[in-house]
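Trainee: I would like to look closely at one part of this model rather than at the whole of it. Could you take me through a single sheet, and then place it in its surroundings?

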Protein chains: 2
Amino acid sequence: MSNLIQPRTLKGFRDYLPELMIPRERMLETARKVYRSYGFAPIDTPALEYAEILLGKGGAESDRQLYRFRDHGDRDVALRFDLTVPFARFAAEHIGKLGTPFKRYHMGLVWRGENTQHGRYREFMQCDFDTIGTTANAADCETALVIHDLMAALDREFTFGAFEIRINNRLVLNGLLEELGLAEKSKALLIALDKLGKAGADAVAQEMVDKAQVQAEQARSILALAQMEGSNSEILERVEAEFGRNRKSADGVQRLRELLTVAKAAGAADGRIKIDLSIARGLDYYTGTIYETFLQAMPGIGSVCSGGRYDNLASLYTKQVLPGVGASLGLDRFLAALEEMGKVDKTATPAPVIVFCMAMECLGDYQRIARMLRAAGIGVEVYPDAKKIGQQFQYAERRGHRIALIAGPAEFAKGVCNVKDLIAKEQRDNVPEGELVELLRSALGP
Amino acid sequence: MSNLIQPRTLKGFRDYLPELMIPRERMLETARKVYRSYGFAPIDTPALEYAEILLGKGGAESDRQLYRFRDHGDRDVALRFDLTVPFARFAAEHIGKLGTPFKRYHMGLVWRGENTQHGRYREFMQCDFDTIGTTANAADCETALVIHDLMAALDREFTFGAFEIRINNRLVLNGLLEELGLAEKSKALLIALDKLGKAGADAVAQEMVDKAQVQAEQARSILALAQMEGSNSEILERVEAEFGRNRKSADGVQRLRELLTVAKAAGAADGRIKIDLSIARGLDYYTGTIYETFLQAMPGIGSVCSGGRYDNLASLYTKQVLPGVGASLGLDRFLAALEEMGKVDKTATPAPVIVFCMAMECLGDYQRIARMLRAAGIGVEVYPDAKKIGQQFQYAERRGHRIALIAGPAEFAKGVCNVKDLIAKEQRDNVPEGELVELLRSALGP
């Protein structure tokens, strides 16, 4: 009899139980609402792609982490490791039909067979949004606003407190490096600079010397510039004064300045968007504005929403040049951080109301009352068995229901119902059915 | 220069462009709302499982269709082919913590390497809901109500017209077969009977003779009973009269009768739930009530929402007996059917309003007005370039925006905006900004 298969998940994969899945859905819904409110349209692409579509797009490490295999037709296939590469393939295939500019969001699972230390999972959800087919800085400005409104909306749901969107522009960085005579080494230098937050200045300077072969003094100059402090306008003015002669730097400064002006005019909260010349993003393909987003209460988790502008999304698949800008919310990572901060309510039911089952013959009445409340937008569960009331109270408490409706044949004969507030532990007897919706609405709040 | 990688999806997989993804999200949102309103809580499980968890659970065909491979740790893994088997594994693992009864919904992708004829895809989304840990008929009754409310809510979104939930109970069928002395052959007989809708009576009778080795006359009797016509109560009365002596049949009739009574008391629309003794469901594990759902306007696509009661969900993984009942909405198949019926609006944007870009220096004002409208719940896109207005009109028309806001420095100086209704082709000039929300709300409707 012991032929049971052990019920277990793969290492690096997890089940989402209701108490975590309910906030995860709320987070998805919040992101969806914000993206849609800006006119980003949803798309979806398959989890599986031809391996050649995905290989080499995220570097050697990404290739190693790919879940790759041969399918039934002996095709070389792999699970997507991000949503950007499938979007590039998607854009190359459909842009003629879609037209430009094209604004899309995409929420989906991605898979990476990476080391599972530090609470990293091998399956996680990303929520990307991008505007492609335009070089207009209007799209860069809007990207900052979307991140701002997304974080503000998530804060209303999860109250994690202040956040800061740190922005920079690769043009500024590249202009600086040009002026320092280090343009050729920019790639290695920016990869090193990207590690500043985690590794610290000394380690980054050392990497610049080792990997980019610059002199220690040059590394220190770059770091001094990147770590420049001051208000947004002070930083912009200093860059302009010192490097304004460089066309790239001047262009980058101009675009950053416009972004700040537009964000302010649009009403983004003061102090939420901060220029930080040390924000580099390791990824090769960013060429303009870059964005990272940090929680004040938990800077250690790193950026929760990052992105940037790129010159050409889909050059591997089409000759049509598709510039764009966008960002990605690392949903599962963010959720794990909120969980760690104790900001995730442990409710196991989406229905605030439960109807107790006092007598099986009243089942029709229980479902009748429940449907009346559901039609008014109130979630209602009906307990399925006429078990002892103590057991039903226990169940309701465990699940997190807030109000119990208690009635049997006597109450239904009178058209009333007893209403127990499970939080306040107060009961109102004989509430007429016609008054239930109003009573529950006021008890449950908006 | 011709080293481009051909952008293409795998056979049997598809991209979802906005005009199909927008209704797909609406469908998901509708199902989520209905499930939640009944207190079903969301869960999620990994796309990848140990192959041993999935193998043998859906029969030989299902095993053959499995996307199965070795992962980086040389584990034998596979992509899930449905949501029921992962739920069984999930329940075995977590039921101690979750407690019973446990009501969950799960919306997720599943993968089957099946023949791609007849518009079948190898990746598709299922939306399951189940109540486990109780044998109470209350859960069976509620399952019918959930299907009813789900279909009614989907009809409000997509206006596909009438639907019919056909119910039966395996106890009734098994009781009938016992009385006919065919209990041992019930498995093969029910598999044959399940094909009645698609294959017709003659083919089913033949299969009963061939596969279940019954006599032609017996096959005809079974089919005559299964195809019994009449009102719900006529059918129940006839079964009771002819087979009421059989404990199983009597029990099944009793449960079906209670379901109809509860559905009626709860206010489910008349005529939506119909007893059909020929509904068998091919799957082995159903033991009680079974459900299938048909669209009157498109019976050919088969059941769009099916399920049933089972005695034990997770017997392969745990000794704890977990009876339950539930059903599954085949979302992508349903969506394909609605598309074919022309019931899917071809809108490519979730934002009804577009703000035209008349002058780049007004970008802050454009985003300010847009954010004001977004805060009022109105989706607004801002066109990113000061292109010719004709081009912006074309873009808006192509995307399906309904209203364009047109303003430049002169308008903003006066605090007004011109509002063009893109459907009615009417324009109202100089609308004060303070009146915009109200005007757009009444123009766009609820």
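Mentor: What follows begins with one sheet of chain B and then moves outward to the rest of the model.

This is a predicted model, in which local features need pLDDT of at least 70 and side-chain atom pairs count only at pLDDT 80 or more, while totals for chains, interfaces and linings use all residues. Residues are numbered from 1 along each chain as its sequence is written, and chains are lettered from A and ligands numbered from 1 in the order in which they are written.

The sheet is an open one of 5 strands in chain B, ordered S13-S12-S14-S15-S16 with mixed pairing; strands here are DSSP runs of E with at least two residues, helices are runs of H or I with at least four, both numbered from the N terminus, and two strands pair if DSSP finds at least two bridges between them. Strand S13 (380-382) and strand S16 (426-432) of chain B are at the edges, and because each has a single partner strand, one side of each is left without a neighbour in the sheet. On average, and with direction ignored, neighbouring strands of this sheet are turned by 25° against each other, where axes are lines fitted to C-alpha atoms (for helices over the stretch in contact) and angles run from 0 to 180 degrees between N-to-C directions.

At the S13 end, strand S12 (residues 353-355) of chain B runs parallel to S13(B) and is joined to it by 3 bridges, with Ile354(B) standing opposite Glu381(B). Two helices pack on the sheet. Helix H14 (residues 363-375) of chain B touches S12, S13, strand S14 (403-406) and strand S15 (416-421) of chain B, and its direction makes about 170° with that of S13(B); contact between two residues requires that their C-beta atoms, placed from the backbone, lie within 7 Å. Helix H17 (residues 436-444) of chain B touches S12, S14, S15 and S16 of chain B, with its direction at about 5° to that of S15(B).

Elsewhere in chain B, Asp74(B) is in the loop between strand S3 (68-70) and strand S4 (76-79), where its phi is near 60°, a positive value in a residue other than glycine. Asp74(B) has 7 other C-beta atoms within 10 Å and is therefore exposed (buried means 20 or more other C-beta atoms within 10 Å of a residue's own, exposed 12 or fewer, partly exposed in between, with C-beta atoms placed from the backbone). Pro101(B) lies in the loop between helix H4 (84-98) and strand S5 (102-111) of chain B, and the peptide bond joining Thr100(B) to Pro101(B) is cis, with omega about -5°.

As for the partner chain, chain B can be laid on chain A with an RMSD of 0.0 Å by a turn of 180° and a shift of 0.0 Å along the axis, which is the relation of a two-fold axis; the superposition is by least squares on the C-alpha atoms of residues with pLDDT of at least 70 in both copies. Phe69(B) is the residue of chain B that comes closest to the rotation axis, its C-alpha lying at 3.2 Å. Of the interface residues of chain B, 98% are also interface residues in chain A, so the copies meet through the same surface.
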